[in-house]
Amino acid sequence: METSKIEEMKEDVTIEIRQAWPDLLALFPVGRYIALLDTQTSCGNYNKLPPAVLDHARRLSEHASPDWLEKYHQLVLLTLISQFPLRHVDKKIPATIIELFNVEFNRIMAEMGTTRKGHYLVACDYFLKDLAISRLKLYPCGPILLDEFSGIPKRIFFKPDLHRLWRLTWFFLIRLHGFRPCYEMHMHAPLRKNFDLEGWIDCNLKIAELLKMNPKIRGVFCGSWWYDPQLEKISPRLSYLRTLPARNGALLFHLTQDTSAATGSIEHSGTRRRLFNAGRYIPEIYMMAWPRDDLIAWADRQLAMAS
């Protein structure tokens with residue numbers, strides 16, 4: 001990450017804003033906006049910004065226009081990226097992930113000026129993920145993003161099934177030792193190029209590194225169609241998504257059906273799309289929860305075999 005390039009881009013955007021709206025940055029200081037972002041303390045919810053942030057954005061948009069709010073958000077991203085060397089000092093992040101942050105920062109800067117209208121608004125999940133990366137709420141980890149402070153929702157218990165209730169209670173009390181804090185996985189379109197078995201193994205090795213450095217984190221979890229047992233027949237090349245954690249200490253359990261395929265299960269697969277449209281495939285959403293000790297033990301075995 002080139003510091004001079006970041007500062008040059010910041011200066012260019014600042015000049016552009018001041019030429020159009022001389023008072024905008026005085027009325028809505030970027031530092032104030034970032035301070036409001038930093039007040040977020042809730043588990044998970046990278047996409048649920050504090051009300052004060054949303055109010056700041058709304059007032060700025062009304063003062064200028066949504067177009068200038070987008071330009072302002074570009075300046076926010078650049079400012080956060082420039083502050084990364086100081087912002088990550090108090091966090092325990094391995095060098096391998098620091099390197100991935102720099103890769104993502106270069107991507108975020110390269111995309112400025114090439115995105116469609118509306119990209120840099122809080123209604124855009126892509127922007128919210130890039131904002132969360134820039135403020136160190138989401139960590140890049142190969143094929144996925146990792147929420148650095150999240151928790152498993154207790155609503156998973158709200159099913160009238162005594163066997164399931166006993167199984168989950170035992171797992172979360174005895175194996176995971178609670179519900180939070182945990183890391184939570186999220187997909188992000190720019191990372192899809194790393195979405196294969198090799199990338200997935202590398203991702204989990206990096207998560208193990210993080211867990212070793214952060215002993216208070218109980219493990220990692222994700223709710224997704226990735227863990228649907230149907231994939232073993234429909235898309236066998238993706239079966240590793242389920243089998244890798246399931247065979248190494250993770251618990252997988254059903255959450256719900258995705259009857260509209262809104263979670264991306266058919267987006268990049270002609271086979272799954274045809275089966276869905278024919279009524280022969282309804283995506284099932286499963287939760288995967290992998291306790292820290294089991295994940296670290298798996299990672300140590302992987303590294304021992306590779307040495």
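## Tryptophan 170 and its patch

Tryptophan 170 has 40% relative accessibility, so this residue counts as partly exposed (buried means under 20% relative accessible area, exposed over 50%, and partly exposed in between, with a 1.4 Å probe and protein chains only). Tryptophan 170 sits in helix 9, residues 162-175. Helices here are DSSP runs of H or I with at least four residues, strands are runs of E with at least two, and both are numbered from the N terminus.

Trp170 joins Trp166, Leu173 and Ile174 in a nonpolar surface patch of about 480 Å². Such a patch takes residues with over 30% relative accessible area and no salt bridge, joining nonpolar side chains (Val, Leu, Ile, Met, Phe, Trp, Tyr) within 5 Å and like charges within 9 Å. A salt bridge is a side-chain nitrogen of Lys or Arg within 4 Å of a carboxyl oxygen of Asp or Glu. Accessible areas come from the Shrake-Rupley method with a 1.4 Å probe, and for residues only the protein chains shown count as cover.

## About the model

This is a predicted model, where local features need pLDDT of at least 70 and side-chain atom pairs count only at pLDDT 80 or more, while totals for chains, interfaces and linings use all residues. Residues are numbered from 1 along each chain as its sequence is written, and side-chain values use heavy atoms, leaving out hydrogens and water.

## The sheet

Now for the strands: six of them form an open sheet in the order 1-2-3-4-6-5, with mixed pairing. Strand 1 and strand 5 (251-257) are at the edges with a single partner strand each, so one side of each has no neighbour in the sheet. Two strands pair if DSSP finds at least two bridges between them.

Strand 1 and strand 2 run antiparallel, joined by four bridges, and cysteine 141 stands opposite isoleucine 144 in strand 2. In their hairpin, which has two residues between the strands, glycine 142 takes a positive phi near 80°. Six of the seven residues of strand 2 are buried, so this strand is largely enclosed by the rest of the structure.

## A buried helix

Where else do we meet burial? In helix 8 (residues 125-134), eight of the 10 residues are buried, so the rest of the structure largely encloses this helix. Among the buried ones are Phe127, Leu131 and Ser134. The buried residues of helix 8 pack against several elements, including helix 5 (66-82) and strand 1 (138-141); contact means heavy atoms within 4.5 Å. After helix 8 comes leucine 136, with a positive phi near 65°.
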